[in-house]
Amino acid sequence: MNANELFVLNFEEVRRRSIKVWNEIPNEMLNWKPDEKAFTCAEMIRHVLEGEYLYHQVLKGGGSEALAHLSNPFDTKKFTTVEDELKFAQPYREDFIKYIQTINNSDLEKVKIDRSDVGYVRTLGDMLLRIAYHESVHTGQLLDYMRTMRINRPNIWD
């Protein structure tokens with residue numbers, strides 16, 4: 001297995017587990033949040049899907065400046081259901097996975113992604129790991145939300 005295949009496998013596994021969690025949240029609980037400053041469940045799901053799209057743009061553009069004049073398709077889309085949100089995000093997800101499959105192995109270390117506006121510059125390989133980690137963290141947060149709501153939590157460790 002080469003590096004690209006490992007990155008894709010990691011992204012697919014993280015998303016598979018996220019979807020298990022997202023699908024377990026009852027529709028009537030999607031607007032629940034633990035406090036006024038927190039994301040709702042729906043906002044967190046949107047944040048993950050939109051974040052992947054935005055990160056993809058950052059990677060393609062070499063840094064945060066790629067977002068300066070970006071028309072974000074998520075800005076005009078109202079969240080309705082998890083299924084609808086996943087369907088909406090699917091073409092962007094497919095583009096992202098295709099992008100990963102085209103990365104030259106040497107670029108994982110050579111290419112620098114400038115996010116100095118938020119405090120760092122990292123290699124392309126590091127950024128790919130950060131993107132998957134971002135989704136994983138939010139999946140863990142949603143599992144905690146579910147515990148607090150006292151609803152069933154799926155076994156993501158299958």
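**Close-up 1. Met 1, Leu 6 and Leu 9 form a nonpolar surface patch.** The patch covers about 330 Å² in this predicted model. Met 1 lies in the segment before α1, a helix that spans residues 3-24. The relative accessible area of Met 1 is 70%. Met 1 therefore counts as exposed, since the cut-off for that class is over 50%.

**Close-up 2. Glu 12 and Arg 93 are joined by a salt bridge.** The N to O distance between the two side chains is 3.9 Å. This pair links distant parts of the chain. Glu 12 sits in helix α1. Arg 93 sits in helix α3, which runs over residues 82-102. The two residues are 81 residues apart. Their surroundings can be compared by class. Glu 12 has 36% relative accessibility and counts as partly exposed. Arg 93 has 4%. Arg 93 is therefore classed as buried, because that class takes values under 20%.

**Close-up 3. Five residues are linked in a network of salt bridges.** The members are Glu 12, Arg 15, Glu 52, Arg 93 and Glu 135. The pair from the previous view, Glu 12 and Arg 93, belongs to this network. The structure as a whole holds 15 salt bridges.

**Close-up 4. Arg 17 and Glu 13 form a salt bridge within helix α1.** Their closest N and O atoms are 3.1 Å apart. The partners are four residues apart, about one turn of the helix. Glu 13 is partly exposed, at 27% relative accessibility.

**Close-up 5. Glu 36 meets Lys 33 in a salt bridge.** The N to O distance is 3.9 Å. Glu 36 counts as exposed, with a relative accessibility of 70%. Lys 33 has a relative accessible area of 26%. Lys 33 therefore counts as partly exposed, because its value falls between the 20% and 50% cut-offs.

**Close-up 6. Residues 11-142 carry a UniProt domain annotation.** The unreviewed UniProt entry lists this stretch as "domain: DinB-like". Over residues 11-142, the chain is 60% helix and 6% strand. The C-alpha atoms at the two ends of the stretch are 18 Å apart.

Notes:
Residues numbered from 1 in each chain as written. Predicted model: local features only at pLDDT ≥ 70, side-chain atom pairs only at ≥ 80, totals over all residues. Heavy atoms only, no water. UniProt positions renumbered as here; feature names shortened; annotations may be inferred. Patch = residues over 30% accessible without salt bridge, like charges linked within 9 Å, V, L, I, M, F, W, Y side chains within 5 Å. Areas by Shrake-Rupley, 256 points an atom, 1.4 Å probe, with all protein chains shown as cover. Salt bridge = Lys/Arg side-chain N within 4 Å of Asp/Glu carboxyl O. Buried < 20%, exposed > 50% of the residue type's maximum accessible area, 1.4 Å probe, protein only.
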